[in-house]
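Hi,

Here is the structure I promised to pass on. Have a look at it first, and then read on for my notes on the aromatic rings.

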Amino acid sequence: MWDEIGEREEDRRGMLQALEEECLNVYRAKVEQVRQHRAQLKREIADSVAEVAAICATIGEPPATVQTACSSLQGTGSLKEELGSIAPELAEMRRRREERRRQFSDVTERVNRIHQEMNPGGGQPRVVADSSDLTLTKLEELRAYLQHLQSEKESRTRKGAELMASLHSSSLVLGTNPREIIHGGDQAGHFSDAAIERLASEIEGLREIKRSRMEKLQDLLASMLELWNLMDTPAEEQRRFQGVACNIAASEDEITEPNALSMDFIRNVEAEVVRLEALKECRMKDLVVKKYDELKEIRRRARLPEEDDGDAVAMFDAIDSDAERALILERLEVQISEAKDLEFSRKDVLERMDKWQAALEEESWLEEYNRNENRYNVGKGTHLVLKRAEKARALVSKMPAMAEALTAKVVAWEKERGVKFEYDGEALLDMLEEYSNARKEKEQERKRQRDQRRLQGAAPERDASPVAARPPPKNIKNVTRTLSMGGSARKAASSSRPGTPSFLKLPMSARRGGSDEGQMMASDSFE
């Protein structure tokens, strides 16, 4: 085509040279393209290996995983094969990294939620997971922190529940509504710091109110009990406040009944105390007279000398001041208490004294019986009289020992108290000594009479002997009259006693329990 065209040789060489240069450029471009592709594959392989190494470092996998990935590239042939062999390992590491990120995200979200619940105001910074440190060690630390927060949340929840229960209990005792005390408090924030502090503050305030009301109520109850005891209020009137009266000595935690310290209830108790105070004003004089009668009765039982209280009652009538009248009642209560203590201390001596008085009466009866010349005549009830005489002799024989034991008790009592033991206004030891002396004189007189009859050759001694007919010494009668119950009445009875012996006047009930065992008793045995 060049020959036909007629191209010159120089042009032909130039065109061939240009064509060769263009072909070389195309070849060079293709070579460069392949070289860039090879470099890209190497970069991708290197990046993949580096990413696997970075992921292993981030999630805390051991270096052996990277070494295994690198060793798998050796001897595989082409770069595409190398890239194809590392791609699954890279995908697996990426999946594990995303799984670890989700675990961190779940834990941090729960931690931040608990922080928000415990501090609604957002005072504590949020916890954010570090994407460069997703190791199991870090995850375990974060989980341990989450468990600590959960434990603290449970503890605060229990504390909040206890505080709420205490708040409700105190509110019920005080008669108030708990919702009025908690302003805008929600259940979700009961374990936050602010909620717990608010509840603790409210409870402390309720406790202060509870303590003040307790003091007021206990003062009112003390006054009420004092007025009840003072006026001997019947149980029917006390029943309305009997339940709360038990709280007079109760502690703060022991009062749990609803409305036990409400203002309405305290006002009711206060009104009752005011009513009792007004009633006391009307019954004050009756109370004084009643207390004086009670004091007299105690002193009578204790065989203490009576006191003349007429002037005291008249003085009470002349007093207009309630305070002075209350002081008189208070002093009277003290005297009654002292008299009761004295009566209790004298109880043992008085009981022995009663037994000895019974023995004295039997002795007096036995003397009268021995003076009766017809005591052995057979008749209705004679065996009962003989039985009584036998028992009386046995009892009279014990009287010296009874007197000795009674004297020892009186001496011990006087030594302990430092005062003389008086019985109806007379010293008991002097009375016992006088009786002992009189008894000795009586025995000596009997002995002298027996000796005199023996010298005169008299008949055998009988119970109706001149000794028995001789009246006892005056001092013995006085002692017997003093020691026996109702001495003045007994004196009048003895002075006007008829000639009929008293043993014939026994009641029928006393005549039924005897036997014929004592019919052969004689006065010689008693002598």
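There are three aromatic pairs in this structure, and please keep in mind that the model is a predicted one. Let me walk you through two of the pairs.

Start with Trp 356 and Tyr 435, whose rings meet edge-to-face, with 4.9 Å from centre to centre and 85° between the planes. What does this pair link? It joins distant parts of the chain: Trp 356 belongs to helix H12 (residues 347-371), Tyr 435 belongs to helix H15 (residues 428-455), and the two are 79 residues apart. Both partners are hidden from the outside: Trp 356 counts as buried because its relative accessible area is 1%, and Tyr 435 counts as buried because its value is 5%, with the cut-off for buried being under 20%.

Now to Trp 365 and Tyr 369. This pair is stacked, with centres 5.3 Å apart and 10° between the planes. The planes count as stacked because they are under 30 degrees apart. Trp 365 and Tyr 369 sit four residues apart in helix H12, which is about one turn of the helix. Are they buried or exposed? Trp 365 and Tyr 369 are both buried.

Trp 365 has another neighbour too: the charged end of Arg 388 is placed over its ring, 4.1 Å from the centre. You can look for a similar arrangement at Phe 421, where Arg 346 lies over the face of the ring at 3.9 Å from the ring centre.

That's it from me. Enjoy exploring!

Methods
Residues are numbered from 1 along each chain as its sequence is written. This is a predicted model: local features need pLDDT of at least 70, side-chain atom pairs count only at pLDDT 80 or more; totals for chains, interfaces and linings use all residues. Side-chain values use heavy atoms; hydrogens and water are left out. Rings of Phe, Tyr and Trp (its six-membered ring) pair if their centres lie within 6.5 Å; planes under 30 degrees apart count as stacked, over 60 as edge-to-face and the rest as tilted. Buried means under 20% relative accessible area, exposed over 50%, partly exposed in between (1.4 Å probe, protein chains only). A charge sits over a ring if NZ of Lys or CZ of Arg is within 6 Å of the ring centre and within 35 degrees of the ring normal.
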